[in-house]
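Reader: I have this model open and would enjoy a close look at a single part of it. Could you take me through one loop first, and then show me how the rest looks from there?

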Amino acid sequence: MTIKKSLVLGVVAALGVSVSVATADVDPNLPSYERVSGISGNLSSVGSDTLNNLMTLWAEEFAKFYPNVNIQIQGAGTSTAPPALTEGTSNFGPMSRPMRDSEQRAFEERHGYPATLVPVAIDMIAVYVNKDNPVEGLTMQQVDAVFSATRTCGYDRDINTWGDAGMTGGWANRDITIFGRNAVSGTYGFFKEVALCGGDFRSTVNEQPGSSAVVRGVEQTLGGIGYSGIGYRTSGVRVVPLNGFEATADNAATGDYPLARFLYVAANQHPENGWNPLEREFFRMVLSREGQEVVNRDGYVTLSAAAAERFRTEFNLD
């Protein structure tokens, strides 16, 4: 398996299973969700801004099956999920990265067992430019040279203008204005690790509190560039091909697109008592055909039936 593919599928190996992911749209072999009796009450979700809209759409889908369930959703950033879950102030912790060792340690110290992270979808981090920017593509080394102060990925010079990135004519001397997320974001951490090879961001990055704000900044700035989830694409921006691969579902599923990642929802599954019934049914719906149709509708990459089945088995959701 290539390094690129391991970024996408490494979590599967960590779970001790071998699965594929859907290459496009929704796997027709995914099972339909079947309503059960006795489900009502309140749920809360605190965590990833990237997953905020997806959680909202899942909540709406869940309400079709269970009108007496109310789900409150707060999307302030991935780093807010583990403490909320640890303190018991939320049922769900949407995360755009795995938990850090320190976050799991804090949860275990409080509860005596680790938090459960269920993979729920595949995201692509897109590098966005203004819709009127004709750049044909960038290499990952060039991306690092644009966003980082360290160039740990090995590019031989900083990229400060679009001419430095190989553009000519009126674009050659146009300065690059950089937009990105703040440090509380899992997207920030993922991009730092993968696109910057663990290096440091430039101090000139215009840090934004949310994914949509990054895209808006690029929309409003002709020479702008920024990174954000693929689900936040608008008509005012273009997604730049990376290493010659466009940000498509097929390229994410095969691992050819270099900025693909699993999205997770963390929760508190007791090792002996099992799931709270409300939480269990929510996850079962998310891993069903209806749940993955929501994933597809929101612009993310769906799990295959094989992946969903193994996750249901692994996390005691059958």
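Author: Asparagine 243 sits in the loop between β8 (237-239) and α8 (249-254). Since this is a predicted model, please read each value here as computed. The backbone is what makes this residue worth a stop: asparagine 243 has a positive phi of about 55 degrees although it is not a glycine. Most residues other than glycine have a negative phi. As for its surroundings, asparagine 243 is partly exposed, because its relative accessible area is 36%.

Two other residues with positive phi go well beside this one. Asparagine 316 is not a glycine either, and its phi is near 60 degrees; this asparagine belongs to the segment after α11 (305-314). Glycine 299, just after α10, takes a positive phi of about 95 degrees.

That glycine leads us to helix α10 itself, residues 289-297. Its buried residues are Glu290, Gly291, Gln292, Val294 and Val295, and they pack against α2 (52-65), β4 (116-130) and α9 (277-286). You can follow this packing from tryptophan 58: leaving aside neighbours within four places in sequence, its contacts include Gly291, Val294 and Val295, along with Val120, Phe282, Met285 and Val286. Tryptophan 58 is also among the residues with the most contacts inside the largest nonpolar core, which has 98 residues. Phe62, Phe147, Phe191, Ile225 and Leu259 share that distinction. The largest share of this core, 11 residues, comes from β4.

Tryptophan 58 has aromatic company too, in one cluster with Tyr33, Phe62, Phe65, Tyr66, Phe92, Trp275, Phe282 and Phe283. In the structure, the count of aromatic pairs comes to 19. One of them joins phenylalanine 201 and tyrosine 227, and this pair is stacked because the ring centres are 5.9 Å apart and the planes are at 20 degrees. Phenylalanine 201 lies in the loop between α6 and β6 and tyrosine 227 in strand β7 (residues 224-229), so the pair ties together parts that are 26 residues apart in sequence. Both phenylalanine 201 and tyrosine 227 are buried. Phenylalanine 311 and phenylalanine 315 make a tilted pair instead, because their planes are at 40 degrees, with the centres 6.4 Å apart. Phenylalanine 311 is buried, with a relative accessible area of 0%, and phenylalanine 315 counts as buried at 8%.

Rings also meet charges here. The charged end of arginine 174 sits over the ring of tryptophan 171, 4.9 Å from its centre, while arginine 261 lies over the face of phenylalanine 190, at 5.5 Å from the ring centre.

There is a covalent link to add as well. A search of the whole structure finds 1 disulfide, formed by cysteine 153 and cysteine 197 with their sulfur atoms 2.1 Å apart. The link is right-handed, with 110 degrees about the S-S bond. Cysteine 153 lies in the loop between α5 (140-147) and β5 (177-181) and cysteine 197 in the loop between α6 (186-194) and β6 (206-208), so the pair ties together parts that are 44 residues apart in sequence. Cysteine 153 counts as buried at 16% relative accessibility, whereas cysteine 197 is partly exposed at 37%.

For a last stop, try glutamate 109 in helix α4 (residues 101-111). Glutamate 109 counts as exposed because its relative accessibility is 66%. From glutamate 109 to proline 28 is 42 Å, C-alpha to C-alpha, and 81 residues in sequence.

Note on methods. Residues are numbered from 1 along each chain as its sequence is written. This is a predicted model: local features need pLDDT of at least 70, side-chain atom pairs count only at pLDDT 80 or more; totals for chains, interfaces and linings use all residues. Side-chain values use heavy atoms; hydrogens and water are left out. Buried means under 20% relative accessible area, exposed over 50%, partly exposed in between (1.4 Å probe, protein chains only). Helices (H or I, at least four residues) and strands (E, at least two) are DSSP runs, numbered from the N terminus. Contact means heavy atoms within 4.5 Å. A disulfide is a pair of cysteine sulfur atoms within 2.5 Å. A nonpolar core is a set of buried Ala, Val, Leu, Ile, Met, Phe, Trp, Tyr and Cys residues joined through side-chain atoms within 4.5 Å. Rings of Phe, Tyr and Trp (its six-membered ring) pair if their centres lie within 6.5 Å; planes under 30 degrees apart count as stacked, over 60 as edge-to-face and the rest as tilted. A charge sits over a ring if NZ of Lys or CZ of Arg is within 6 Å of the ring centre and within 35 degrees of the ring normal.
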